[in-house]
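Please open the model in your viewer and show it as a cartoon, with side chains hidden. This tour goes from stop to stop, saying what to select and what is there.

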Amino acid sequence: MAALSAWFWNERFWLPHNVTWADLADPAPGVEYPKAGHLLTALPLALGIFFVRIFFERFIASSCARSLHVHPGVGRRAQPNAVLEKVFTSITQNPDSRHLSGLSKQLDWEVRKVQRWFRHRRNQDKPSTHTKFCESMWRFTFYLCVFTYGLHFLWQCPWMWDTRHCWYGYPYQVMTPGLYHYYVTELAFYWSLMFSQFIDIKRKDFLIMFIHHLATVCLISFSYVNNMARVGSLVMCVHDASDFLLEAAKLANYAKYQRLCDSLFILFSVIFFITRLVIYPIWVLNSTMFESWAIVGPYPSWWVFNVLLLVLQLLHIIWAYLIARIAIKAIMRGKVCNDVRSDIESSSEEEADTPSDSLKASPHPNKGENGTNGHCAASKAWVQNHNSW
């Protein structure tokens, strides 16, 4: 284990030339440098955030949802059927044509009736709009609070106005209490997301988002250990700037405030493009790649850090393209584009079961299931939870 630890914490990888861990281990009185052990504080804090979230969603967010008439509605439930229930729980939740044909003959049902049963049974386990509202309200509250704190903290920091201060004196830069609290709180939140993802609304990209949260935790931890926390704080603030607006748009969507949802999503899109495609590359990447090269010089972990930030910029471009494409398509068509991450399944077959069912399924011909237009669909479709570091 000692050999493995020595290999992992190799000074030639983590630190600039002619700097050792011993140089950072014994700072002057009243001075604190980042240490890997500091990050352990994030684990109990993540557990605390998790319990705060449960309390918040159960009491505060739930009360707000009810006041906005977002009630825990009960959707259409599948009629009890022991044979189909056994297939659903033991064999498959999405039977193919062979299974459907066999079950149709066994129960003397039409194939479409069997299909509808499975569709209703799958949707039966899906969360209600009330549940999604509470989850989004928690994220909105946290993102807004952490962005407000981060902006207030950075406003007083010299590296906010001159990014070269991220590298002056590096790596002998003091870890101030404000910067430490900002970092640990962000890290704890993403740890809590990893824990809670297993009980949250299950989506099609569960594995992708789990990897995303894990990568975010690793990137925050990486930048803290080699004391790139100053530029790291800028990265976090840039990303936090748009996240709370997306959650606000989703809240308006769930509460059926269409115009507010549209306005918030347009505002989110504008802020997203400005922060991720303009400020991030010009302000942050320019500092990490060029200013740091001139002041500190490259070394192995410097290369790794910059490669990760460049990959992040590539993701920004992809997400921005997808947001713009769906938003433009929604505006051109004047109706909702399908949400590829939708929690509730639907189909034309189900909507056409009866005239009354069709009316219930689509009260407005140019609106989606929540009575909102394409802006909200776009917000739900591509950027939910893409609050990458």
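Start with the cysteines. The model is predicted, and it holds zero disulfides. Select Cys157, which is in no disulfide; the nearest cysteine sulfur belongs to Cys166 and is 9.5 Å away. A disulfide needs two cysteine sulfur atoms within 2.5 Å, so this pair does not qualify. Is Cys157 buried or exposed? Cys157 counts as buried, at 7% relative accessibility. Now select Cys145, which counts as partly exposed at 49%.

Next, colour the annotated spans. An unreviewed UniProt entry carries the annotation "transmembrane region" for residues 36-56, 140-161, 181-199, 264-283 and 303-324. Two of these spans can be looked at in turn.

- Select residues 140-161: the chain here is 91% helix and 0% strand, and the end C-alpha atoms are 27 Å apart.
- Select residues 303-324: this span is 100% helix and 0% strand, with 32 Å between its end C-alpha atoms.

Go inside now. The largest nonpolar core has 82 residues, and Phe189, Met228 and Tyr280 touch the most other members. Show these three side chains before adding the helices around them. Helices that each supply at least two residues of this core include α4 (42-67), α8 (129-155), α10 (177-196) and α14 (300-333). Which helix gives the most to this core? Select α12: its contribution is 16 residues.

Turn to the surface. Select Ile266, Val270, Ile274, Leu277, Val278, Ile282 and Ile317, which form a nonpolar patch with about 580 Å² of accessible area together. Helix α13 (residues 258-295) provides the largest share of the patch, six residues. Ile282 is one of the patch residues, and its place is in helix α13. The relative accessible area of Ile282 is 59%; over 50% counts as exposed, so Ile282 is exposed.

Stay on this helix and select Leu260, which is also placed in α13. Leu260 is partly exposed, with a relative accessible area of 46%. Add Ala248 to the selection: Leu260 and Ala248 are 12 residues apart in sequence, and their C-alpha atoms are 9.2 Å apart in space.

The last stop is the charged pairs. How many salt bridges does the structure hold? There are seven salt bridges, and three of them are worth selecting here.

- Select Lys35 and Glu32. Their side chains meet in a salt bridge of 3.1 Å, N to O. Lys35 is partly exposed, with a relative accessible area of 30%, and Glu32 counts as partly exposed at 33%.
- Select Glu135 and Arg139. The salt bridge between these side chains is 3.6 Å, N to O. Glu135 and Arg139 are four residues apart in helix α8, so about one helical turn separates them. Both Glu135 and Arg139 are buried.
- Select Asp243 and Arg276. The closest N and O atoms of this salt bridge are 3.4 Å apart. The pair links distant parts of the chain, with Asp243 in helix α12 and Arg276 in helix α13, 33 residues apart. Both Asp243 and Arg276 are buried.

How values were computed: Residues numbered from 1 in each chain as written. Predicted model: local features only at pLDDT ≥ 70, side-chain atom pairs only at ≥ 80, totals over all residues. Heavy atoms only, no water. Patch = residues over 30% accessible without salt bridge, like charges linked within 9 Å, V, L, I, M, F, W, Y side chains within 5 Å. Areas by Shrake-Rupley, 256 points an atom, 1.4 Å probe, with all protein chains shown as cover. Salt bridge = Lys/Arg side-chain N within 4 Å of Asp/Glu carboxyl O. Buried < 20%, exposed > 50% of the residue type's maximum accessible area, 1.4 Å probe, protein only. UniProt positions renumbered as here; feature names shortened; annotations may be inferred. Core = buried A, V, L, I, M, F, W, Y, C linked by side-chain atoms within 4.5 Å.
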